[in-house]
Each structure stands twice: as C-alpha cells, then as structure tokens.
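Q: I should like to learn how to read the features of a protein model. Where may we begin?

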Amino acid sequence: MIRAILLDKDGTLTDFRATWERWLPGILAELAGAAGVEPERVGDAIGFDLDAGRIRAGAVFVTGTGAQTAEAMAQALDWPPERIARWLAPRFRVAQQVPVTPVGPLLAALRGRGLVLGVLTNADEAEARHHLDGMGASPHLARVIGCDSGYGAKPDPAGALAFADDLAVDPAEIALVGDGMTDMGAARGAGMLAVGVLTGTLDRAALAPHADVVLEDVTALPGWLDRRAAG
C-alpha cells in the first residue's frame, strides 16, 4: 500500500526543458557580460548548448544543486563559486516555472485519496518554496526538503528518509517520483518505490532500468495508483 508520495520539483512538477531552456540564454548572456567572457564558455561548463538551445541530459545544471552549478561555471569565469552562487540565487528564485499540469488540483486530488505529499528537491529550500507557492502546491505539502535543509542533496537518501521518519511511515509505503537518476538513486537508497517521469531530460530507455515504473508525467499518477490498487 502506498501511503505517501514524495515528489521532485524541477522536471517532475514542472517541465524541465520548457522552464530552463527558455531562461538560460538570457542569464548566461548577462553573467558572461558581467564577467567579460563568452556566454558559450559558461554554457558549455554546465551542459547547455547555446546554439541549439538545449540542455544535455545528465548535465550538472540538470542534476546538481545551485552550488554545484556555480562550481561548474567557475571553470569558465574568473569569479569564485561563492560569488557566482550569490549572483545566481535571486535569478533562480524569479525564474518563471512551467508546470506540467495545474499543480494545485492534481495534488488536491492525490490528498483526497488519503495520501501525504512532500517535495524533495536539489534546489535550495527557499527557492523551492517560492516556486511551489506560485504553482499553488504549498497548501497540499506536508514537507518541503531542499538541498540545504540539512540532509544533503540527492542521490543521498537522507532527505527521503527524513520525510518517512517525520510521517512515521515505512519507506516501502512511499513512492518517490522524479525525472532523473538522482531521484531514482535517492528512492533506491531509501527503500522507496522509484517512479520515473518523462518531463525532464531523460527518456524512457534511460530511466526504466532504474525505476519501478516510468510514467509519461505526474498526471498519470492517479491511474497508476488505481492499477496498483486493483492488483
């Protein structure tokens, strides 16, 4: 029986490419201009091809924290990672999110099934909360855990296990839903069901060997739950 669902944010509740591939060109141009380098150099450092307008699957910008992205950018800039992270933080916060679906109604429907919901993200907690507020998700969430909430970043399972401990729920009764390998790794490490979705940068062939099930997107969760309940 599944009693709770722990959701990733970027690429799960939101469409990763639609959100960040639209945001990155302007940010890279602004940052590169401030630092006096070519924006292509900065894009290459984080796995973004400016000419194609595409993020490489599995790139640090996809899987990493803001601090890890800043460290990668520092390879192309004459700025320390801490300065880059400070520069990026307010811009990450105001980036326009593109939800996969109206998030509030979906989460309300899942809560109506008696499920407890949470978010586990490699974004900073304050940034995640700001975005989740904007999507109407926050009233439906029992816990929001970011990479700076005290448990480290995915694939470390500590945040997932903290969610289970807070609820006093067996991890085996929790589905962790995400779009990437860090999500699948956290689910496996915590002993949770690993549910992949295809709204990130990885396709079904990449996710399937590491997931218990791969769904098109989060709107397929109710149907999947129904099929599980029916046996």
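**Reading helices, sheets and cores**

A: Let us begin with a helix against strands in this predicted model. Helix H8 (residues 158–167) lies across E1, E4, E5 and strand E6 (174–178), and its direction is at about 155° to E4.

Q: What is the order of the strands in the open sheet, and how are they paired?

A: One reads a sheet from one side to the other. Here 6 strands follow the order E5-E4-E1-E6-E7-E8 in an open sheet, with parallel pairing. Strand E5 (143–145) and strand E8 (213–215) are the edge strands, each pairing on one side only. On average, neighbouring strands of this sheet are turned by 25° against each other, direction ignored.

Q: Over how many bridges do strand E1 and strand E4 pair?

A: Strand E1 (residues 4–7) pairs in the parallel sense with strand E4 (residues 116–120) over 4 bridges. At the level of residues, Ile-5 has Leu-117 in E4 as its bridge partner.

Q: Which residues have the most contacts inside the largest nonpolar core?

A: A nonpolar core consists of buried residues joined through side-chain atoms within 4.5 Å. The largest one here has 29 residues, and those with the most contacts inside it are Val-42, Ile-55, Phe-61, Met-73, Leu-77 and Ile-84. Among the elements that give two or more residues to this core are helix H1 (16–35) and helix H2 (39–46). H1 gives the most, with 9 residues.

Q: Which residues does Val-42 touch?

A: Not counting residues up to four places away in sequence, Val-42 touches Leu-28, Leu-31, Ala-32, Val-37, Met-73, Ala-76 and Leu-77. There is also a second, separate core of 28 residues, which includes Leu-110, Met-135, Leu-141 and Leu-193.

Technical notes: Residues are numbered from 1 along each chain as its sequence is written. This is a predicted model: local features need pLDDT of at least 70, side-chain atom pairs count only at pLDDT 80 or more; totals for chains, interfaces and linings use all residues. Side-chain values use heavy atoms; hydrogens and water are left out. Buried means under 20% relative accessible area, exposed over 50%, partly exposed in between (1.4 Å probe, protein chains only). Contact means heavy atoms within 4.5 Å. Two strands pair if DSSP finds at least two bridges between them. Axes are lines fitted to C-alpha atoms, for helices over the stretch in contact, and angles run from 0 to 180 degrees between N-to-C directions.
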